[in-house]
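Q: Hi! Could you walk me through this one? I'd like to start with a sheet and then look at a single residue.

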Protein chains: 2
Amino acid sequence: MKSDLDQLMEKHDLDAIFITGPAQHNPPMGYLTGPIHMTGGDLIKKRGSDPILFYNPMERDEAAKSGYTTKNLAEYRFDELLKISNGNILQATILRYEKMLTEFGFSSGRIGIYGKMDVGSAFEIFSGIQQKLPELEFVGQLGDSLMLQAMSTKDADEVDRIRAMGVITTSVVTKVADFLTSHKSKNGILVNSEGVPIVVGDVKKKINLWLAEAGVENPEGTIFAIGRDAGVPHSSGNPKDILNLGQTIVFDIFPSEAGGGYFYDFTRTWCLGYAPDEVMDIYEDVLEVYQTIESELEVDALCNQYQDRTCELFEEKGHPTIKNNPQTQEGYVHSLGHGVGLYIHEYPRFSSNVKEDRLAPGSVVTVEPGLYYPERGMGVRLENTIWVRPDGEMEILADYPLDLVLPVK
Amino acid sequence: MKSDLDQLMEKHDLDAIFITGPAQHNPPMGYLTGPIHMTGGDLIKKRGSDPILFYNPMERDEAAKSGYTTKNLAEYRFDELLKISNGNILQATILRYEKMLTEFGFSSGRIGIYGKMDVGSAFEIFSGIQQKLPELEFVGQLGDSLMLQAMSTKDADEVDRIRAMGVITTSVVTKVADFLTSHKSKNGILVNSEGVPIVVGDVKKKINLWLAEAGVENPEGTIFAIGRDAGVPHSSGNPKDILNLGQTIVFDIFPSEAGGGYFYDFTRTWCLGYAPDEVMDIYEDVLEVYQTIESELEVDALCNQYQDRTCELFEEKGHPTIKNNPQTQEGYVHSLGHGVGLYIHEYPRFSSNVKEDRLAPGSVVTVEPGLYYPERGMGVRLENTIWVRPDGEMEILADYPLDLVLPVK
């Protein structure tokens, strides 16, 4: 949580954190500023102090909404710095950062850096500042990010925002189910009133429309994959595929608040009309594993143990898993879940390689076991997003039936 | 144009260019790969040679669509590099890049770096590689980017894609005009069939719906600003504002292809029902300046001269401009236009500070003069996107009437 930042900075031996870029579609910045319309700026937070937000003059009002101390970047007179630098924008930018950091007492110490900038600019600017301020050490964090650690547990306001996205997500899922079941079949294929087959692309277009209507974004797209594609977890579905009755459809939908805010993550597997026995078999195995794991979740437990447990349960039912065969493309082939927040994938991680991540109070995680048999033309995944409440209870943030078969006339 | 890259690399004294990140929403990468669904990868192009594209194994097919030589990143065995690095992801990443660069002969020379990565990662990774390969010099370019220079002129395929976005943009503008004129007014306010006022938020929701329906994105939002907000060029409009008849509405719409592709940029100013005399006066001034500038555009001319000319024309009509008063918030307060492509704002630039940018053949630019009087509650801007054709003709890429008044019953 944001309230953990000072403690995490101490643990990471950082005197300050520095974040750059817009407030939208830039999770580290948006995490601290809240949902404001700032197209670019810089934020510095000293350990133990509130952040200072540097803004462009046209965005004064938006910056003020953050509630932090703000500083107008125009006061550093970029035009004059540009003259001193003989028109060199990079040198003028470095000089401006030198002035900003020095003015607020950040000319020495270890500063963690986060946010969004063209890679070339980031490399030159931070290298350049460090040359000017040799007592200062910039620290970039890969795979061990303080920001991701803070973001791994959510406060009540964040959970409300994720829950609201869950309500929108399941309302769109309801519309998709109604759309599909409102049509008839002809020769085992879903068709419209003129007898023309409905294809995956039609459904995805509807999904995008309904998400736009609800005022949310779909930055990562939607998985709506049928048959063999349903058996390939990373396939998002072929727009031209027709909807055969009795084939598995993996429908994984993960929209976010407009402006790059909080995500929700949700999967159901559907069969139109009926489910053949072999599909029903793997569906029931996934359902049972989903329900078992959900019932076994305990606050503060290590996440990787649930990945191991899921493999164990699937192996007991005779399915290959990545535990007994890391190269398998069949059976259970991915990890059980992940944290969800301003990124669709964040901490805690459920991979068996990650030893330290826990179901800490405030975590919001997905649980999404699945079975994949591409050669048999089928796959099943069931996923809910679950809040590990401070009282230790597990709460699914948006309810929706787990049913496999969608009736079709 | 892409075909200028080798020549530009020579001019910038670069032996190679290196681009990292996804192919979508990452213009430098998307520019070279074309519209493929690659969520992450690296591309290196040696001067005089075709690029090599490094891909993650699950995205082999997408990488192949680029038509370039491809290389599977899995062959560098990150798991083994991680062991050598005692689990340190940053060190393993640096080792992998060292192997990649050395294998393809890039362990020395000057390499320009571009693309998308967290700033902390960019700083640490490129600093780390440079330490390992001291003969190599990474170059980040601010304000003088080879990629932006190449992108500043478009080939026929790019112009077709921008034109197609123009057709979609103006079709949505038509729908917005039809939506507004299909309603009646009551007490000087636009209302729905139940007599409830229509607000800016209603219109924006429709715009997003129609853009989604057309399969395009709206990553930067839409300006639909009325009254005082129309007089503030950076205001996007207050969702709660009612639509008073006779007030200026600045409608600036700039959607992009799905996946972060080519943009179109378009502005009209509307008055519902009627235009008061003072509005008509500034509208006619803007229209005349727009038409004069459009008629004076000449291939290979310096862009800044048109900014100066626009100021001169507005000053002749008695309006303050940023030329005679750089601090003015009234009159003509911004620059005349900008290049449009994979970024909404790119080269050529029309600012009077930029001395070198020209209307080179293949440029696609906006022309968007405007007048702003926030204290008088009004603003007018007219904007088209224009292609500087190789034959020297100027072509507006999507036609739409410049009319001010939308009739309302």
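Q: How many bridges join strand E11 of chain B to E13(B), and do they run parallel or antiparallel?
A: Happy to help, and do keep in mind that this is a predicted model. Six bridges join E11 (residues 248–253) of chain B to E13(B), and the two run antiparallel.

Q: Which residue stands opposite B:Thr269 there?
A: That's B:Val250, facing B:Thr269 in E13(B).

Q: What packs on the sheet?
A: Helix H8 of chain B, residues 156–181, does; this helix touches E11, E13 and E21 of chain B. The direction of H8 makes about 10 degrees with that of E13(B).

Q: And what's the strand order in that sheet?
A: The order is E10-E11-E13-E21 in chain B, an open sheet of four strands with mixed pairing. E10 (223–226) and E21 (405–406) are the edge strands, each pairing on one side only.

Q: Now my residue. Where is B:Cys271?
A: B:Cys271 sits in strand E13 of chain B, which covers residues 266–272.

Q: Buried or exposed, and why?
A: B:Cys271 is buried, because 24 other C-beta atoms lie within 10 Å, and the cut-off for buried is 20 or more.

Q: Which residues does B:Cys271 touch, skipping those up to four places away in sequence?
A: Among them are B:Gly246, B:Gln247, B:Val279 and B:Leu404. B:Gln247 is 24 residues from B:Cys271 in sequence, yet their C-alpha atoms are 5.5 Å apart.

Q: Switching to chain A: how many helices and strands?
A: Chain A has 11 helices and 21 strands. Of its 409 residues, 47% count as buried.

Terms used: Residues numbered from 1 in each chain as written. Chains lettered and ligands numbered in written order. Predicted model: local features only at pLDDT ≥ 70, side-chain atom pairs only at ≥ 80, totals over all residues. Buried ≥ 20, exposed ≤ 12 C-beta atoms within 10 Å, placed from the backbone. Contact = placed C-beta atoms within 7 Å. Pairing = 2+ DSSP bridges. Axes fitted to C-alpha atoms, helices over the stretch in contact; angles between N-to-C directions.
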